[in-house]
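Trainee: I would like a close look at the aromatic side chains in one part of this model. Could you walk me through them?

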Amino acid sequence: MAVPLAFFAVFFAYPVAAIVTRGLRVGGRWRFGRIAEVVTDPATLDVLWFTCWQAVASTALTLAVALPGAYVFARFDFPGKGLLRAVVTVPFVLPTVVAGSAFLALLGRGGLLDELWGMRLDTSVWAILLAHVFFNYAVVVRSVGGLWAQLDPRQEEAARVLGASRLSAWRRVTLPALAPAVAAAALMVFLFTFTSFGVIQILGGPRYATLEVAIYRETAQLLDLPTAAVLTLVQFAAVAAVLALHAWTVRRRESALRIVDPGRTARRPSGPAQWALLWGVLAVVALLIVTPLAVLVERSLNGPDGYGFTYYEALKSAADSGGTFFVAPMEAIGNSLRYAAVATVFALAVGGLAAAALTRKAGRLVRGFDALLMLPLGTSAVTVGFGFLIALDEPPLDLRASWVLVPLAQALVGVPFVVRTMLPVLRAVDHRLREAAAVLGASPWRVWREVDLPLVGRAVAVAAGFAFAVSLGEFGATVFIARPDQPTLPVAIARFLGRAGQLSYGQAMALSTILMLVCAGSLLALERIRTDRSGEF
Amino acid sequence: MNSQLRRAISAALLGSLALGALVGCGEDSQSGADSKTVTLVTHDSFAASKAVLKEFTKETGYKVRVQAGGDAGAAVNQAILSKGHPQGDVFFGVDNTLLSRALDNDLFTPFTAKGLDKVPAALQLDRAEHRVTPVDFGDICVNYDRKYFADKKLTPPRTLEDLTKPAYKNLLVTENAATSSPGLGFLLATAAKYGDDGWKGYWKKLRANGVEVVDGWEQAYYDRFSGSAGGGKGDRPLVVSYASSPPAEVADAKTKPAEAPTGVATGTCFRQVEFAGLLNGADNTKGGKALLDFLLSKRFQEDVPLNMYVNPAREDAKLPELFTRYGTRIADSATLAPQKIAKNRESWVKTWSSLVL
């Protein structure tokens, strides 16, 4: 527990405290009066209200749409399943500016819906909610589906043999087993949508603002640090309340489960109901996730002289022509992969240790620590980015110009995923297995290697996939600390999008498509590694 | 958790941290804070030809390391926050809308760069103290889609006044003045033209005439504007962008058209001047001064337009053909004193938000 705690103290708590203190302490005196002023401002209350209800609605909608998907991915075997699982994760890494504009192409004026039915959803709350489902679908499918695939279906079957109806067997056997994973996924989605930034800005227009947007405006644009500090505290308080609620509701629910190899639980769907479910889920994925992605690919290929690879070629020549602004795509891919790999290692090490500690210890302190690990998801990127800047600028921690800042910031966001995906699985490991192994004379290290690791191998892979995807797509904090000579793909995309001209736009689309492919490819490779290994056990 | 496991994982974590540190050191020793390197802190749209930067190294022996972060506003605020422990030696990219904030925070050490005599007085907004050096300027203007107006046989608008006329109802899209620098520039253009109180009445009229507001330039230009070849699916033929956007539209065309597909409404412009300055507390003051001289050198100045799509500050810098042929020289851009902007910025943006959003 010491390592993750130290990691968080140095790379999260200290920088954030530094920037908040900077805002609230003026001339050596605390200005707590400012808190009351900002908190009671009707504008703040409006923002808080909107932030809360859109997050609740987004989370509910995401669960409703994605849970059937989680079931289908966990229990059914169908061709292209691995690829599709990688594809649904792609939105997760796309810069919101890019995905937002794809969404506009579908929902906005002159968009697909507009042409077909004269329906326009831009600058409406619907567009925001749908985009949130688009971005977070993978969270539910991957984390709930990950556990679901490992539940032994024979337990449900046994209940049915004993006379339970299909529904009540599911409700009494599977649902309680899944509850912690569902709650964890809901929590992640809630935190993501609660701190939503790009989606709100692009699809909501300037009328809607979340706390995150307000903090960004106060910090990066207006440099009103006192107000930003208070808003950060408000966001903290809200997130802490949600975490407390989460802890309270799931505490008693987690129990040891029979965990089996996922390869044996999935089968081809049988019967019309199962086929209908499979096709229904595929249709939703096609409409909600594949179509916006396809729009981006289409745009990247739709050059001035018809379809072709003009923009991709331009990426190469732009880098050769030698401006500091341009970066060769291969180089940006390399940077992105390198940063993401290092961030994944950090996140797995810190998150894995934390999850292991949380499984083995109980008590109030540990639960507090559990909540602490989630806080980075509820903290705005600009707060962390600026915090890094003013806190980590003196020896012994003078990291102002160090590249390691980037993976560190990315790992902060990755750790909660690692903890949340590993925890339900680790807790589900039957403790008697460990005891039996110990009784038979295995050393604790060997118990872990032979009992826990094989069982949680899949969870580790899922967690690594998340941490990797988060790091690939991270933009908010990266943009503040990335070195311009080593931009990541999202940073390079933002640069192209910030310039006028057809070629710049096309190049941004081409780079986005490359980002998608890199993400999908890496996730497929990650899954491949897992499958190979789990075959041994 | 058991102690052996903990030790094993701690070792792995420390190992990976140490590895990271090692790789980091290896990299940083080439570009770190030795006196042969000068660090330029800037925003993420800074761009220069590598060849030109190499020339600087050849002439002075200093290697330039560029440190960029966020948009112009965020970069300035970052610089202010890291005052005393600056991230580098020279800051580039503070414009006249943020100049007072930077100067009031004592961000810069005075230095008179070579070649300043070739910069028009109107651009030298800190002429008394030389804490900052003007490097480039650009104009934020309403752009129009030539094809739309030709098809409709309608004259494109020319002035701010025109935009409120019924003929141009529901045609204009602009950016949020609170979050976007062209959005703010356009608000300031109206404040300069109509005065401290008059601009509110103007925006009421503009709103009644159906102006649309989106959050950022990317959405306005690529998603809503009908004239950009990139996105190009929008239905608004008028957008707040830059005077240099039309040349950018044709920059990459293989066969150059007779004129750019978009034009500029010359009576709607606000002038943005970008400055550079030597950061207080810089490690490499000498290198920083050399870099400032270089930023004003003819070589760098003539490199500016095609890299950042703005105009060089030096009068004697030659503009590329793309600019002379497709660009528009704006003679009467609106301006406001930086002190005045600093004083009113926040309250104007607040009032604007309540009026227009």
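Mentor: Happily; here is a walk along one helix and its rings, followed by two further spots. Bear in mind that this is a predicted model, with local features needing pLDDT of at least 70 and side-chain atom pairs pLDDT 80 or more, while totals for chains, interfaces and linings use all residues. Residues are numbered from 1 along each chain as its sequence is written, chains are lettered from A and ligands numbered from 1 in written order, and side-chain values use heavy atoms, without hydrogens or water.

Over all chains, the structure holds 34 aromatic pairs (Phe, Tyr or six-membered Trp rings with centres within 6.5 Å; planes under 30 degrees apart are stacked, over 60 edge-to-face, the rest tilted). B:Trp217 and B:Tyr221 make a stacked pair, because their ring centres are 4.9 Å apart and their planes meet at 15°. Both belong to helix α8 of chain B, residues 217-224 (a DSSP run of H or I, at least four residues, numbered from the N terminus), and being four residues apart there, they are separated by about one helical turn. B:Trp217 has 8% relative accessibility and so counts as buried (under 20% relative accessible area with a 1.4 Å probe, protein chains only; over 50% is exposed, in between partly exposed). B:Tyr221 is buried too, at 0%.

B:Tyr221 also pairs with B:Tyr222: with centres 5.6 Å apart and planes at 80°, the two are edge-to-face. B:Tyr222 is buried, like B:Tyr221.

Elsewhere in chain B, B:Lys36 lies over the face of B:Tyr62, 4.9 Å from the ring centre (Lys NZ or Arg CZ within 6 Å of the centre and within 35 degrees of the ring normal). In chain A, one aromatic cluster is formed by A:Phe7, A:Phe8, A:Phe11, A:Phe12 and A:Phe236.

Methods. Helices (H or I, at least four residues) and strands (E, at least two) are DSSP runs, numbered from the N terminus.
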